[in-house]
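Colleague: Could you take me through one part of this model in detail, namely how the helices pack around the main nonpolar core? I'd like the cut-offs spelled out as you go.

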Amino acid sequence: MPSLRLAPVLALVLVIWAWVPPAAADNVDLALVLAVDVSRSIDEAEYDLQRKGYAAALSDPRVVRAITSGEHGQIALSYFEWSGELSQQLIVDWTVIHDVASAQNFAAQILAAPRPFANRTSIGVAIEYAIGLLGRSPHRATRHVIDVSGDGTNTNGVEPSAMRDAAVEQGVTINGLVINNPNEMPWIPWHTHPPGGLDNYYRENVAGGPGAFVLKVEGFDSFATAIIDKLVREIAQSGATRSVGSAAPETKYPIGNVFTAAARPRM
């Protein structure tokens, strides 16, 4: 049973999730929301690497092959950028990706949009916004996943764990991509380098749901390679549910300075 504290949040999510897609909706293997941190701890050079990393990964042959290998041979994808409590900007709305051309078109739209803002870090509100996007997707998906990237802890707005729990209650999986920024913020060093590490913070407060995991990348130079690995894993995942409280052992991946570790699913 959800706690009384989460009751209003869960009620809102239930209303959003009750929205019925139109009869002409596409059947897709996955509805994936890419929720990308563009807070002020990410400078312009890092922002550019992040945008280009997503664009390059989405049209990579390994990602396209994973997309077309599913039962329906296509996924639905949306991409938005976020920072503070009032800062969420949809960059590319729901699009069906089914081949190289549709993937390249999606990537081109990411690159064409200007940076919308650079404010504080509200992971919880970003998850809430992503839940809303899933709720109004016009496509029928076998699985629903929110992919949250970030280089710091939550600094304002609703706690991410509350919205994570609300999403998981609806069968949504949230995966995390943690960017290890070598530069601590002088006035709040714990933001980018919290005790125990940012990847552990994401496992405890952000990631959850069936098959959830957190991937850590050592800086923005390795970002594109990490995104390819992460997207392939998300798209190809069987969706098998782990028991609540269980955690798979850490797995090493031979791609630059990247490693993955399973997150603990939350209910």
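Modeller: Sure, terms first: helices (H or I, at least four residues) and strands (E, at least two) are DSSP runs, numbered from the N terminus. On that count the protein has 9 helices and 8 strands. Bear in mind that this is a predicted model, where local features need pLDDT of at least 70, side-chain atom pairs count only at pLDDT 80 or more, and totals for chains, interfaces and linings use all residues. Residues are numbered from 1 along each chain as its sequence is written, and side-chain values use heavy atoms, with hydrogens and water left out.

Now the core. Buried means under 20% relative accessible area, exposed over 50%, and partly exposed in between (1.4 Å probe, protein chains only). By that yardstick, 57% of the protein's 267 residues are buried. A nonpolar core is a set of buried Ala, Val, Leu, Ile, Met, Phe, Trp, Tyr and Cys residues joined through side-chain atoms within 4.5 Å. The largest one has 37 residues, and those with the most contacts inside it are Leu34, Tyr54, Tyr79, Phe106, Leu177, Leu231 and Ile235. Helix H9 (residues 223-236) gives the most to this core, with 6 residues. Apart from it lies another core, of 31 residues, with Ile123, Ile131, Val148 and Tyr202 among them.

Tyr79 is a handy place to look around from. Contact means heavy atoms within 4.5 Å. Leaving aside neighbours within four places in sequence, Tyr79 is in contact with Leu34, Val36, Arg51, Tyr54, Leu90, Ile91, Val92, Phe106 and Ile110. Over the protein, 80% of the contacts between residues at least 6 apart in sequence join residues at least 24 apart.

Two of those partners of Tyr79, Tyr54 and Phe106, also turn up where H2 meets H4. For the geometry, axes are lines fitted to C-alpha atoms, for helices over the stretch in contact, and angles run from 0 to 180 degrees between N-to-C directions. Angles under 35 degrees count as roughly parallel, over 145 as roughly antiparallel, 65 to 115 as roughly perpendicular and the rest as oblique. The axes of H2 (residues 44-58) and H4 (residues 100-112) come within 8 Å and cross at roughly 170°, so the two helices are roughly antiparallel. On the H2 side you have Arg51, Lys52, Tyr54, Ala55 and Leu58, which meet Ala103, Phe106, Ala107, Ile110 and Leu111 in H4. For classes, Ala, Val, Leu, Ile, Met, Phe, Trp, Tyr, Cys and Pro count as nonpolar, Asp, Glu, Lys and Arg as charged, and the others, Gly among them, as polar. That gives the H2 and H4 contact 8 nonpolar, no polar and 2 charged residues.

H9 has a partner too. Helix H3 (residues 61-68) packs against H9 at an angle of about 5°, with the axes 9 Å apart, which makes H3 roughly parallel to H9. Here Arg62, Val63, Ala66 and Ile67 in H3 meet Ile228, Leu231, Val232 and Ile235 in H9. By class, this contact has 7 nonpolar, no polar and 1 charged residues. An α-helix has 3.6 residues a turn, so residues three or four places apart point the same way.

One more helix, if you're curious about burial: H8 (residues 198-205) is largely enclosed by the rest of the structure, because 6 of its 8 residues are buried. Those are Leu198, Asp199, Tyr201, Tyr202, Arg203 and Asn205.
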